[in-house]
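Here are some informal notes to read alongside the structure. Take them in order, with the viewer open.

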Amino acid sequence: MKKRVFGKRLAVLLGCFVFVCGGLQAQNTFAKGDQVINLGIGLGTYSGKGYVITVPPIVGSFEYGIKDHLFDDKSSLGIGGYIGYMGDKLDVAAFQWKFNHLFIGARGALHYQLINKLDTYAGLMLGYEVVSANSHEGFSSPIGSGFSWALYAGGRYYFTDKFGVFAEVGYGVAALQLGVAFKL
């Protein structure tokens, strides 16, 4: 019985949130000419038996607004770049390998402002990932390097006109990326 009451209350609360947010007049938080830098960390990398993260995923991206009003007054288009780095190692029996992952890419995103201060977007990233490996015996190899692509979605919430936080899902150097956003 308690679960049903909680579920109904949650549904009513979500319904009120959608109603109130839908009634707010959204202002474009990303428009033509805007320049935004995201700096953050990544979560959700490969893990398995023997793998240990030595340098957590560090990500940075830049985006420039190139077009407003794609569909209506709340939509815009941006392009930019992405860079991410992560280090990990694999310890299995008598073998130890250290890996460095560097991902560099170009991105394009469609932005749509749903509520004030929130910039929501989805896009496509094309890039190149450089993966190098070194063994404890001095052997090194550029394994796993190659071209890559990813779909991503995210949002930036702005506390001021120039500063906010961001979250993205999709894959660059990690499946989830969180951090700060600076509008130049």
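1. Start with the aromatic cluster: Y157, F159, F163 and F182 belong to one such group. Keep in mind while you look that this is a predicted model.

2. Now for the overall layout. The protein chain has one helix and nine strands. Reading from the N terminus, the order is α-β-β-β-β-β-β-β-β-β. The chain has 184 residues, and 33% of them count as buried. Take the contacts between residues at least 6 apart in sequence: 59% of these join residues at least 24 apart. As for the surface, the chain exposes about 11,000 Å², with carbon and sulfur atoms supplying 69% of that area.

3. Back to the rings. How many aromatic pairs does the structure hold? There are six. One of them is Y82 with F103: the ring centres are 5.8 Å apart and the planes stand at 75 degrees, so this pair is edge-to-face, the class for angles over 60 degrees. Y82 sits in strand β3 (residues 75–92) and F103 in strand β4 (residues 95–112), so the pair ties together parts of the chain 21 residues apart in sequence. Y82 is buried, at 4% relative accessible area, and F103 is buried too, at 3%.

4. Y121 and Y152 make another edge-to-face pair, with 6.3 Å from centre to centre and 70 degrees between the planes. Here Y121 comes from strand β5 (residues 118–135) and Y152 from strand β7 (residues 146–158), which links distant parts of the chain, 31 residues apart. Both Y121 and Y152 are buried.

5. Two rings have a charge for company. The charged end of R107 sits over the ring of Y152, 4.2 Å from the ring centre. K183, in turn, lies over the face of Y158, at 4.8 Å from the centre of that ring.

6. Which residues make up the largest nonpolar core? The set has eleven members: V59, Y82, M86, F103, A109, Y121, M125, A150, Y152, F166 and V173. Strands β3, β4, β5 and β7 each give at least two residues to this core. Have a look at M125 in particular. Not counting residues up to four places away in sequence, M125 touches Y82, F103, A150 and Y152, among others. The contacts of M125 also include G105, A106, R107, S148, W149, Y171 and G172.

7. D34 deserves a stop. You will find D34 in the loop between α1 (2–23) and β1 (35–43). Is D34 buried or exposed? At 18% relative accessibility D34 counts as buried, because the cut-off is under 20%. A polar atom of the D34 side chain lies 2.9 Å from the backbone nitrogen of A31. Leaving out residues up to four places away in sequence, D34 touches T29, E63, Y64, G65 and K183. That last residue, K183, is the one lying over the face of Y158.

8. Last on the tour is H101, in strand β4. H101 is buried, with a relative accessible area of 14%. The H101 side chain makes a polar contact with the side chain of D88, at 3.2 Å. With neighbours within four places in sequence set aside, H101 is in contact with G84, Y85, M86, D88, E129, V130, V131 and V173. Of these, M86 and V173 also appear in the largest nonpolar core.

Definitions and conventions. Residues are numbered from 1 along each chain as its sequence is written. This is a predicted model: local features need pLDDT of at least 70, side-chain atom pairs count only at pLDDT 80 or more; totals for chains, interfaces and linings use all residues. Side-chain values use heavy atoms; hydrogens and water are left out. Rings of Phe, Tyr and Trp (its six-membered ring) pair if their centres lie within 6.5 Å; planes under 30 degrees apart count as stacked, over 60 as edge-to-face and the rest as tilted. Helices (H or I, at least four residues) and strands (E, at least two) are DSSP runs, numbered from the N terminus. Buried means under 20% relative accessible area, exposed over 50%, partly exposed in between (1.4 Å probe, protein chains only). A charge sits over a ring if NZ of Lys or CZ of Arg is within 6 Å of the ring centre and within 35 degrees of the ring normal. Contact means heavy atoms within 4.5 Å. Accessible areas come from the Shrake-Rupley method with a 1.4 Å probe; for residues, only the protein chains shown count as cover. A nonpolar core is a set of buried Ala, Val, Leu, Ile, Met, Phe, Trp, Tyr and Cys residues joined through side-chain atoms within 4.5 Å. A polar contact is a pair of N or O atoms within 3.5 Å; within protein, one must be able to donate a hydrogen and the other to accept it, and residues adjacent in sequence count only if both atoms are side-chain atoms.
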